[in-house]
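Here's a quick briefing to read with the structure open beside you. We'll go topic by topic, starting with the cysteines.

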Amino acid sequence: MVTGGPAVGVVIPARDEEAVVAAAVSSVRRSLAAAGVVRSCIVVVADDCRDGTVAAARAALGCSGEVLEVGHRCVGAARQEGSARALRRLGARPEACWLLSIDADSSAPADWVTRHLAHASAGIECVAGVVDLVRGTPAPLRRAFHRRYGLDGRSEGRHHHVHGTNLGIRGDTLLAAGGWPSSATGEDHGLWDAVGALGRWRVQDAAIVVRTSGRLVGRAPLGFARDLRLLVGSGEVELGGDVVELGEPHRRAAVARRPPIAPG
């Protein structure tokens, strides 16, 4: 069990996210401050970035962390290298560290760190929260996403989702599980399953919510953006016209009403 207030490391993988990474960092800094964390660090892992992600992240971080430049082009490897760096920077015993992961296109609420640490203080070793789409996402997509996602108030606070953009784990548990898998997609489920295979205490808490981008073209080939593309293609999104345009600050994707998109 983490006692006396854990050291907290937050890892933010990013690839060409200059338009959004500063907002993600700022949301994390606010959440750390709200939780009253004494020892913390934020590690932005700039993975093969060709834009201004590094500069934007450094400006947003100030003295609260660092930008780690890597060339993996693999979100699992990026999360793992960032987690290892965070543990070294925190300088505490792994069992006294809580490591959080969030993506550069996501935003943490003020109570994000507080809610994770409440579970950590109870002896839970790995926590999976949920996601919602950022405000400004077209309403038809948000409605369809909410229906498909399945959080309808009847889950009594529990759910079946696992997202790398809202996952917390105790430092020694991460090490025992072998770290984040070096996978381009599904690294979050891989780690979650490895922790379960060890018989460690895991919780999926629907009250811990991170808002994430509604973009249809993401970084992981079979990740969340692909799930949204499939949702649009399924016809569940009640479009007002023939085409819905779903934007992110640096890319817009126009998706016509059509059959589900095949994996690939």
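Is Cys-41 buried or exposed? At 2% relative accessibility, Cys-41 falls under the 20% cut-off, so it counts as buried. Keep in mind that this is a predicted model. The rest of the tour covers salt bridges, one helix face, a buried serine and a few backbone angles.

**Cysteines**

- The disulfide tally for the structure is 0. Cys-41, for one, has no disulfide partner: the nearest cysteine sulfur belongs to Cys-97 and sits 8.5 Å away. A disulfide would need the two sulfurs within 2.5 Å, so this pair doesn't make the cut.
- Cys-49 comes out as partly exposed, with 21% relative accessibility.

**Salt bridges**

- Searching the whole structure turns up 13 salt bridges. Among them is the one between Arg-85 and Glu-66, with N and O 2.7 Å apart.
- Arg-85 belongs to helix α3 (residues 75-90) and Glu-66 to strand β3 (residues 65-70), so their bridge ties together parts 19 residues apart in sequence. Arg-85 is partly exposed at 23%, while Glu-66 counts as buried at 17%.
- Another bridge pairs Glu-187 with Arg-79, and here the closest N and O atoms are 2.8 Å apart. This one links distant parts of the chain: Glu-187 is in helix α7 (residues 187-197) and Arg-79 in helix α3, 108 residues apart.
- Both ends of that bridge are tucked away: Glu-187 is buried at 4% relative accessibility, and Arg-79 is buried at 3%.
- Glu-125 and Arg-170 also meet through their side chains in a salt bridge, at 3.4 Å from N to O. Glu-125 sits in the loop between α4 (112-121) and β6 (126-133), Arg-170 sits in strand β7 (residues 167-170), and the two are 45 residues apart.
- Glu-125 and Arg-170 are both buried. They also belong to a network of salt bridges with shared partners, which brings in Asp-172 and Arg-200.

**One side of helix α5**

- Which residues of helix α5 (residues 139-149) are buried? They are Pro-140, Leu-141, Ala-144, Phe-145 and Tyr-149. These residues span an arc of only 150° around the axis, so they lie on the same side of α5.
- The spacing has a simple background: an α-helix has 3.6 residues a turn, so residues three or four places apart point the same way.
- Right after α5 comes Gly-150, with a positive phi of about 90°.

**A buried serine**

- Ser-31 is part of helix α1 (residues 21-35), and it is buried with a relative accessible area of 0%.
- What does Ser-31 contact, leaving aside its neighbours within four places in sequence? The answer is a run of residues: Pro-109, Ala-110, Asp-111, Trp-112 and Val-113.

**Positive phi without glycine**

- As background, most residues other than glycine have a negative phi.
- Asp-48 isn't a glycine, yet it has a positive phi of about 55°. You'll find Asp-48 in the loop between β2 (40-47) and α2 (53-61), where it is buried with a relative accessible area of 16%.
- Arg-73 isn't a glycine either, and its phi is positive at about 50°. Arg-73 is in the loop between β3 and α3.

Methods: Residues are numbered from 1 along each chain as its sequence is written. This is a predicted model: local features need pLDDT of at least 70, side-chain atom pairs count only at pLDDT 80 or more; totals for chains, interfaces and linings use all residues. Side-chain values use heavy atoms; hydrogens and water are left out. Buried means under 20% relative accessible area, exposed over 50%, partly exposed in between (1.4 Å probe, protein chains only). A salt bridge is a side-chain nitrogen of Lys or Arg within 4 Å of a carboxyl oxygen of Asp or Glu. Helices (H or I, at least four residues) and strands (E, at least two) are DSSP runs, numbered from the N terminus. The arc is that of the directions from the helix axis to the C-beta atoms. Contact means heavy atoms within 4.5 Å.
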